[in-house]
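Dear colleague,

Please find below the structure that I am handing over to you. My findings follow directly after it.

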2 protein chains.
Amino acid sequence: MKSITKLINFTKGIALESGKRLDSFDLMVETYGELNESKTNAILLCHAFSGDHHAAGKNEDQGIGWWDQIVGPSKAIDTDEYYVVCCNNIGGCSGSSGPTSINPNTKKVYGSDFPIVSVSDWVNTQKMLMDKLNIPYWHFVAGGSLGGMQALQWSIAYPDKIKKAGIFAAAAKSSTQNIAMNEVARESIRKDKNFHNGNYIEQNVIPKNGIKTARMLGHITYLSEKHMDLRFGRKFQDDASKIDKEVDFEVENYLQYKGEKFSESFDANSYIIMTKAMDGYDAAGKEDSLDEALKEIRAELLIVGFYSDWLYPPERGKEIQIAAINNNIKSSYVVLDGEHGHDSFLFHSEQYSKIIKKFIQS
Amino acid sequence: MKSITKLINFTKGIALESGKRLDSFDLMVETYGELNESKTNAILLCHAFSGDHHAAGKNEDQGIGWWDQIVGPSKAIDTDEYYVVCCNNIGGCSGSSGPTSINPNTKKVYGSDFPIVSVSDWVNTQKMLMDKLNIPYWHFVAGGSLGGMQALQWSIAYPDKIKKAGIFAAAAKSSTQNIAMNEVARESIRKDKNFHNGNYIEQNVIPKNGIKTARMLGHITYLSEKHMDLRFGRKFQDDASKIDKEVDFEVENYLQYKGEKFSESFDANSYIIMTKAMDGYDAAGKEDSLDEALKEIRAELLIVGFYSDWLYPPERGKEIQIAAINNNIKSSYVVLDGEHGHDSFLFHSEQYSKIIKKFIQS
């Protein structure tokens, strides 16, 4: 698989939804396969909360890409046939401009000065990337979770630049409970003694404990309750392999491990920015009408939900499809079992991959 | 309503399930109504995680009791007819021996030295209290959530000392997800810079932030998702009444408020002890068979679940009833709507109160 990773600078900057501006910004971009001569085979992948530009294949730094089970030669999203593009979103911490980047105006790390960004902002930066890559339109834009929100927003914001959208394990907006969970995560970060109002890099510290607790909570919401029960049940952790001596049960040790690992690589300000973007997105827009918001969509929609997903359960996908039907938008809505709860969108299953493949080719 | 509050000392102490001992301990006890001559009208109320001995009526220090909607003159649990007893459990922080008490052996605050206690330990201390009050048996033992676990354990541990048990919004054991959520809460407390391995009182500080985050998470699990959505939806908090400037949505502000308030009154070590007791309880015992564990029960059981409860959903009550049926134990299992999610057990509704009243009188 031909794969290219590069950092692309956008010198003209962008006006953000919040009213703030980035005078210039970088996108870390990875591409797979090749654009055909007629430029009709481009696919955009939008990553979820903790994802990045490295969607497929394996590299030394980042290991296996987050959607490698779905994206690659002869896979559901076939890199032999399609030119697949994935970029790290601004506000993140994997190469694109974000709170750990140097602010070109002050020559200092942004820290808490990096502005809040939104799903619309990401879609707009991806549109700028599309123009730079001389891609006339996306054959398919797809993502799961927060990535699914971007795919939906693409079809709303640029109806003539997208033929098909894949909206997986996602929602047109986060629920009250989703927001509440994210606020607990943010609170644990903000109250870490090393947070320093977001300017911890200046202080040479990292609010590791806060990120760890936040991720432990996040992780619970990504897993299916049933799967967790089958995997860990009420089994006790043996003393020798306890990460923390306070741990009794295996599930506690697992969360400790996952949280610890994540806290070593993810940026605290990015955690706040990404969750705020997730909470803030509402496809229904200011008019508060999803029917109205979807009126201009010309893309065909594939909406996939998973029964075991309790973060964005199947009902949330249904809301999108009902609005699509009300607007005579061509759409398919499929609910799959999915063993992995919310994370099911990341994993290959024969049915899931086939549905995606057929949809792209149809 | 005649109500007496007193601290009762148990000089002979107790051997705990963990293998540790308390050489002596206190129970803070509140009683309502009067024991009749035949001593047949005693009712024990078991409190949930953050409850205490003050179940009914209003007093200056603690305001309205936690089950005042259910307990009082002419209410579901009628204090004109019954002698109602409620004690604060050991390990808590409302008067009974706990981590904020003075260790009689060292004359210092227990702090992290207070031993882990279990649901069985609480039931055993309540049995000692019963003996001290010269009560031959309980006509009814009832509680919700962690209190319901105690009611179940009473019927298992002392089959000839209890006629009826009320097990509300409870389970025979916590699920993997329940444990996981509690571990996140504990992690946020343990990593608070003021926690000092549980010996914060010596240092004249309180791990307030950790308790606050823990409670914010707990609070989400107590509320119904639907109710939260109806009450807060995606409404924005107006700037003037923001508790924290980082807050955007009303639900965030509400959680901030609830967490802040709780963190001013609840002890961090108690938080850990109470959640560990909740996680550790498994009515099925070492044999891992609920059928086997319930074999000796002679009490009649009233099991109530609530559709909107996602912490201990109705399926968990069903597990208890199936084991009861398998043992020919007289039992009723009712699932009510309950607007308040897990907390529904605390609130009066015509149906709920009537069911409790009829059950007690039957």
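In this predicted model, chain A is superposed on chain B by a rotation of 180° with 0.0 Å of shift along its axis (RMSD 0.0 Å), the fit being by least squares on the C-alpha atoms of residues with pLDDT of at least 70 in both. The two copies are therefore related as by a two-fold rotation axis. Both copies use the same surface: 100% of the contact residues of chain A recur in chain B, where contact means C-beta atoms, placed from the backbone, within 7 Å.

As to confidence, the model scores ipTM 0.94 and pTM 0.95. Chain A averages a pLDDT (the predictor's confidence in each residue, from 0 to 100) of 97, and 100% of the residues score at least 70.

The largest nonpolar core (buried Ala, Val, Leu, Ile, Met, Phe, Trp, Tyr and Cys residues joined through C-beta atoms within 7 Å) has 218 residues, and A:I43 and B:I43 have the most contacts inside it. A residue is buried if 20 or more other C-beta atoms lie within 10 Å of its own. Beyond its neighbours within four places in sequence, A:I43 touches residues including A:I77, A:Y82, A:W138 and A:F140.

The buried residues of α1(B) include B:W122 and B:M130; among the elements covering them are β4 (25–32) and α7 (268–280) of chain B. B:N134, whose phi is positive, near 60°, follows α1(B).

Residues are numbered from 1 along each chain as its sequence is written, and chains are lettered from A and ligands numbered from 1 in the order in which they are written. Local features need pLDDT of at least 70 and side-chain atom pairs count only at pLDDT 80 or more, whereas totals for chains, interfaces and linings use all residues.

With kind regards

Notes
Buried ≥ 20, exposed ≤ 12 C-beta atoms within 10 Å, placed from the backbone. Helix = DSSP H or I, 4+ residues; strand = E, 2+ residues; numbered from the N terminus. Contact = placed C-beta atoms within 7 Å.
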